[in-house]
Amino acid sequence: MSDFISDQPPTSFWVFSGAALVWNLIGLVFYYGQVTMSPETAATLTAQQQEFFASTPTWATAAHAIAVTCGVLGSLLLLFRKAWAVPVFVVSFLGIVVQDVHAFVIGNALEVFGSGNALILPSIVLVIGAALIWYSLGARKKGWLI
């Protein structure tokens, strides 16, 4: 494998960056839906799920907001080829971790949502959050980000 450093990213960079933006925009929409949940929507949840969302502390909601907002911002920075994408993705990942600490360590998400449902999406989110850090670090090392 060559150690050649090019300042022109390949097509895969643009595809990955665009997919990252779409993924994080979807996360932002889910966050917005959660914090603006109408009584009609809440009524479709079980009583335990309603209580889980109602009792979520402000710091956990803030962590969720930071995770998705920094995810969108990091994706935009990646598309604009800015090295600031790396630390912004790190902050997003930390927001994911804090949110998950509330859900799985402090809260009772496994009991409320069931172990299968409660673990699948958060696991995917963690893996993608780590992949965004890894990819942006590699892009910076290859000179694609300035």
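Is V98 buried, partly exposed or exposed? In this predicted model, V98 counts as partly exposed, because its relative accessibility is 35% and the partly exposed class runs between 20% and 50%. I shall begin from that residue and then proceed to the interior.

V98 lies in helix α5. On the surface, V98 belongs to a nonpolar patch together with W59, V97, V101, V105 and I106. The accessible area of these residues together is about 510 Å². Helix α5, which covers residues 85-106, supplies the largest share of the patch, namely 5 residues.

Let me turn to helix α4, residues 58-79. Its 22 residues reach 31 Å from the first C-alpha to the last, which is close to the 32 Å expected at 1.5 Å a residue. After α4 comes R81, and the phi of R81 is positive, near 60°.

The next topic is the interior. The largest nonpolar core has 14 residues, and those that touch the most other members are F13, L78 and F89. Two or more residues of this core are given by each of α1 (11-35), α4, α5 and α7 (115-141). Of these elements, α7 provides the largest share, with 4 residues.

Which residues does L78 touch, if those up to four places away in sequence are not counted? The list comprises F13, F16, S17, A85, F89, Y135, S136 and L145. Two of these contacts, F13 and F89, are themselves named with L78 as the core residues that touch the most other members.

I now come to helix α1. This helix has 25 residues, and the distance from its first C-alpha to its last is 36 Å, close to the expected 36 Å at 1.5 Å a residue. Its buried residues are F13, S17, A20, L21, N24 and Y31. Among them, F13 and S17 are also contacts of L78.

L28 is likewise placed in helix α1. L28 is partly exposed, because its relative accessible area is 30%, which falls between the limits of 20% and 50%.

What does L28 touch, leaving aside residues up to four places away in sequence? The contacts of L28 are V68, T69 and V72. For L28 and V72, the C-alpha atoms are separated by 7.8 Å, although the two residues stand 44 residues apart along the chain.

To close, I return to the two partly exposed residues discussed here: V98 has a relative accessibility of 35%, and L28 has a relative accessible area of 30%.

Terms used:
Residues are numbered from 1 along each chain as its sequence is written. This is a predicted model: local features need pLDDT of at least 70, side-chain atom pairs count only at pLDDT 80 or more; totals for chains, interfaces and linings use all residues. Side-chain values use heavy atoms; hydrogens and water are left out. The expected span of a helix is 1.5 Å times one less than its number of residues. Patches are made of residues with over 30% relative accessible area and no salt bridge: like charges are joined within 9 Å, nonpolar side chains (Val, Leu, Ile, Met, Phe, Trp, Tyr) within 5 Å. Accessible areas come from the Shrake-Rupley method with a 1.4 Å probe; for residues, only the protein chains shown count as cover. A salt bridge is a side-chain nitrogen of Lys or Arg within 4 Å of a carboxyl oxygen of Asp or Glu. Buried means under 20% relative accessible area, exposed over 50%, partly exposed in between (1.4 Å probe, protein chains only). A nonpolar core is a set of buried Ala, Val, Leu, Ile, Met, Phe, Trp, Tyr and Cys residues joined through side-chain atoms within 4.5 Å. Contact means heavy atoms within 4.5 Å.
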